[in-house]
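Here's a quick briefing to read with the structure open beside you. Grab a coffee, take a look, and then work through the points below.

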Amino acid sequence: MTAPKHTDDDLLEANLEESPSPGARILAIDIGGTGLKAAILNLDGEMMTERLRVETPHPITRDALIQKLLELIEPLGKSFDYVSVGFPGVVRKGKIVTAPNLGTEEFRGFDLEYVLEKQLGKPVRVLNDADMQGLAAIKGEGVEMVVTLGTGFGTAMFLDGELGPHLEIAHHPFRKGEDYDKQIGDKALKKIGKKKWNRRVKEAINNLRVLTNFDRLYIGGGNAGKVNFKLDPDIEIISNDCGVKGGAWLWRSEHERRMRNDEGN
């Protein structure tokens with residue numbers, strides 16, 4: 001008898017219904033305007049592999065991004081249960097809304113979550129990269145804010161450990177008719193130098209304090225290490241690895257639910 005043929009969606013559904021291992025492994029991917037990073041984590045956010053990194057090609061298309069990501073993660077193998085992806089822009093239900101540093105016109109409406117699920121055969125969640133970084137940094141108490149200083153200027157907000165709606169503060173007016181992205185992004189740093197750039201970062205933090213009344217602020221991203229002024233006690237610099245490590249927190253509740261369901265069957 002000839003075996004029935006399966007469509008890609010049939011195979012994907014079968015893979016997504018596989019029982020997760022008790023010690024779940026998460027493939028975490030951080031998409032940045034400058035670099036693409038990936039590692040496999042456990043549920044505590046500890047890296048079980050080295051963190052791999054490649055340059056983000058420019059200009060970039062949807063297909064080129066997927067191909068580059070597949071090349072990046074190939075050395076990590078396929079022994080993972082879930083996939084978390086941080087993307088530099090607004091993301092709604094796995095679809096890209098904006099991509100300021102990659103090309104919004106190219107990526108708007110792109111269902112990155114669905115495409116990666118088809119390619120990898122595992123459940124995928126995609127969210128803003130600053131949001132994902134924040135999940136690894138916050139303490140879960142009060143109003144906590146994350147700022148990423150990299151190719152652009154990213155932000156994330158949390159209340160008692162819960163992620164709030166993503167706000168594109170980066171594209172609000174900041175000074176001299178320009179937004180935070182243009183005034184504090186990597187291009188501005190290279191143009192004006194560290195001294196002036198640090199003054200702008202300090203001014204931005206003061207603005208954000210007035211705007212949000214945060215209880216704690218975390219500064220991450222590739223340029224966070226260039227901040228050289230004295231920080232207030234409620235502000236700290238976080239490791240750039242948080243951009244990957246935050247991926248573990250996306251799947252904790254889901255993994256626990258699936259394990260309970262498996263035990264009950």
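Before we get to the sheet, one bit of vocabulary: two strands count as paired if DSSP finds at least two bridges between them. Keep in mind that you're looking at a predicted model. With that in hand, you can trace an open sheet of five strands, ordered E10-E9-E8-E13-E14, with mixed pairing.

**The five-strand sheet**

- Which strands stand at the edges? They're E10 (162-163) and E14 (235-237), and each has a single partner strand, so one side of each is left without a neighbour in the sheet.
- Strand E8 (residues 143-149) and strand E13 (residues 216-220) run parallel, and five bridges hold the pairing together on paper.
- If you want one spot to look at, find Met145: its bridge partner in E13 is Leu217.

**Another strand pair**

- Strand E4 (residues 82-87) pairs with E7 in the parallel sense, again over five bridges.
- Within that pair, Val85 sits opposite Val126 of E7.
- Is E7 (residues 124-128) mostly covered or mostly open? It's mostly covered, with four of its five residues buried.

**Salt bridges**

- How many salt bridges turn up in the whole structure? A search finds 10.
- One of them brings together the side chains of Arg53 and Glu55, at 2.8 Å from N to O. Arg53 has 41% relative accessibility, so it counts as partly exposed.
- Arg175 and Glu203 also meet through their side chains, at 3.7 Å from N to O. This pair links distant parts of the chain: Arg175 belongs to strand E11 (residues 173-175) and Glu203 to helix H8, 28 residues apart. Glu203 counts as partly exposed because its relative accessibility is 33%.
- Asp232 forms a salt bridge with Arg209, and their closest N and O atoms are 3.2 Å apart. Here too distant parts of the chain are linked, with Asp232 in the loop between E13 and E14 and Arg209 in helix H8, 23 residues apart. Asp232, at 37% relative accessibility, counts as partly exposed, and so does Arg209, at 24%.
- Lys139, Arg216 and Glu236 are joined into one network by salt bridges that share partners.

**A charged patch on the surface**

- Which residues form the positive surface patch? Look for Lys176, Lys195, Lys196 and Arg199.
- Arg199 is part of helix H8, which covers residues 194-212.

Definitions and conventions
Residues are numbered from 1 along each chain as its sequence is written. This is a predicted model: local features need pLDDT of at least 70, side-chain atom pairs count only at pLDDT 80 or more; totals for chains, interfaces and linings use all residues. Side-chain values use heavy atoms; hydrogens and water are left out. Patches are made of residues with over 30% relative accessible area and no salt bridge: like charges are joined within 9 Å, nonpolar side chains (Val, Leu, Ile, Met, Phe, Trp, Tyr) within 5 Å. Accessible areas come from the Shrake-Rupley method with a 1.4 Å probe; for residues, only the protein chains shown count as cover. A salt bridge is a side-chain nitrogen of Lys or Arg within 4 Å of a carboxyl oxygen of Asp or Glu. Lys and Arg count as positive and Asp and Glu as negative; His and the chain ends are not counted. The place of a charge is taken as NZ of Lys, CZ of Arg, CG of Asp or CD of Glu. Helices (H or I, at least four residues) and strands (E, at least two) are DSSP runs, numbered from the N terminus. Buried means under 20% relative accessible area, exposed over 50%, partly exposed in between (1.4 Å probe, protein chains only).
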